[in-house]
Amino acid sequence: MAASCDLLDVDPLELQFPFVLDKQISCPLRLTNRTYRTIAFKVKTTSPRKYCVRPNNGVVPPRSSCTVVVTMQAQKVVPPDLQCKDKFLVQSVVVSDGLSAKDITSQMFLKEGGNVVEEVKLKVAYVMPPEPQSEIAEEHDGLERILVPMQRIVDNGRSTSELSSGSASLRSAEEVGSPVGRIVKSEEFLKAVAPVLETKTYAGPAEQSHQLSAIIAKLTEEKNSALEQNRKLRDELERVRREASKQKGSFSLVLLAATGVLCVILGYLVKT
């Protein structure tokens, strides 16, 4: 955001420095003269030992601009919460045409001398440095090397549960997003498919095939074991049913015999 004034337009009104320890950081300051008169300027700061301003004064011809570079010296300590209370002041005054920068004096910017001095105050802000493009590219390439093989598995119609622990499904792989495709969204999914990711990332083609075959063989063995246990349970249930039927038949014969004896006794009692 720029300040539109009668003499000089100053841009920006807040000097932002990406804070990095032990490194000089520069921020450009643009001064624009929109008048038809020559304007002299002077830049002041509350922390002159901390900043280097080049040029700190000068002359801007009519209808032209000037760029001032403000450089923050390398800092040894990170300020709390990256807060900065430093301030800058840009003073400007109309001077005669043909005046050069070496002719500028401090008295020109004194209001007591009857000079019309225009002032613009600037703030200073520390910001987080942008992530280097090399690191972004390296991270993107690493994700692509890991996730593209997973996308191929999904495209072949295999669920990740068939290749790992069975806790992540094909649906979960297809419905979430990632920088290189809608595959991975959360750490939980990454943990679920960790064995496959490791195989795809670090193993060669022959070792990949061997490891995948071993995983499929193990899952097949577990499936066969489950089927065998299921068959044994069905056999056991059938045996229990047969024993229950035999016990029921024996009980019926005893009940029939008891009923016959009771009928004989009742007949005898009636006759007597």
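**Close-up views of two sheets and a surface patch**

**View 1. Cys 52 meets its opposite number, Thr 71 in S7.** This is a predicted model, so keep that in mind for every view here. The two strands to look at are S5 and S7 (residues 64–72), which pair in the antiparallel sense over 4 bridges. If you're new to sheets: strands pair through backbone hydrogen bonds, either parallel or antiparallel.

**View 2. Zoom out a little and you get an open sheet of 4 strands, in the order S1-S3-S7-S5.** The pairing here is antiparallel. Why is one side of S1 and of S5 left without a neighbour in the sheet? Strand S1 (8–11) and strand S5 (51–54) stand at the edges, and each has a single partner strand, so there's nobody on the other side. On average, neighbouring strands of this sheet are turned by 20° against each other, ignoring direction.

**View 3. Another open sheet has 5 strands, running S2-S9-S8-S4-S6.** This time the pairing is mixed. At the edges you'll find strand S2 (14–18) and strand S6 (57–60), each pairing on one side only. Neighbouring strands in this sheet are turned by 25° against each other on average, again with direction ignored.

**View 4. Now look at how S4 and S8 line up.** Strand S4 (residues 38–45) and strand S8 (residues 87–95) run antiparallel, joined by 8 bridges. Pick out Ala 40, and you'll see that its bridge partner in S8 is Val 93.

**View 5. Here's a nonpolar patch sitting on the surface.** Its members are Val 261, Leu 262, Ile 265, Leu 266, Tyr 268 and Leu 269, and together they have about 620 Å² of accessible area. To find your way there, follow helix H5 (residues 205–271), where Leu 262 has its place.

Notes:
Residues are numbered from 1 along each chain as its sequence is written. This is a predicted model: local features need pLDDT of at least 70, side-chain atom pairs count only at pLDDT 80 or more; totals for chains, interfaces and linings use all residues. Side-chain values use heavy atoms; hydrogens and water are left out. Two strands pair if DSSP finds at least two bridges between them. Axes are lines fitted to C-alpha atoms, for helices over the stretch in contact, and angles run from 0 to 180 degrees between N-to-C directions. Patches are made of residues with over 30% relative accessible area and no salt bridge: like charges are joined within 9 Å, nonpolar side chains (Val, Leu, Ile, Met, Phe, Trp, Tyr) within 5 Å. Accessible areas come from the Shrake-Rupley method with a 1.4 Å probe; for residues, only the protein chains shown count as cover. A salt bridge is a side-chain nitrogen of Lys or Arg within 4 Å of a carboxyl oxygen of Asp or Glu.
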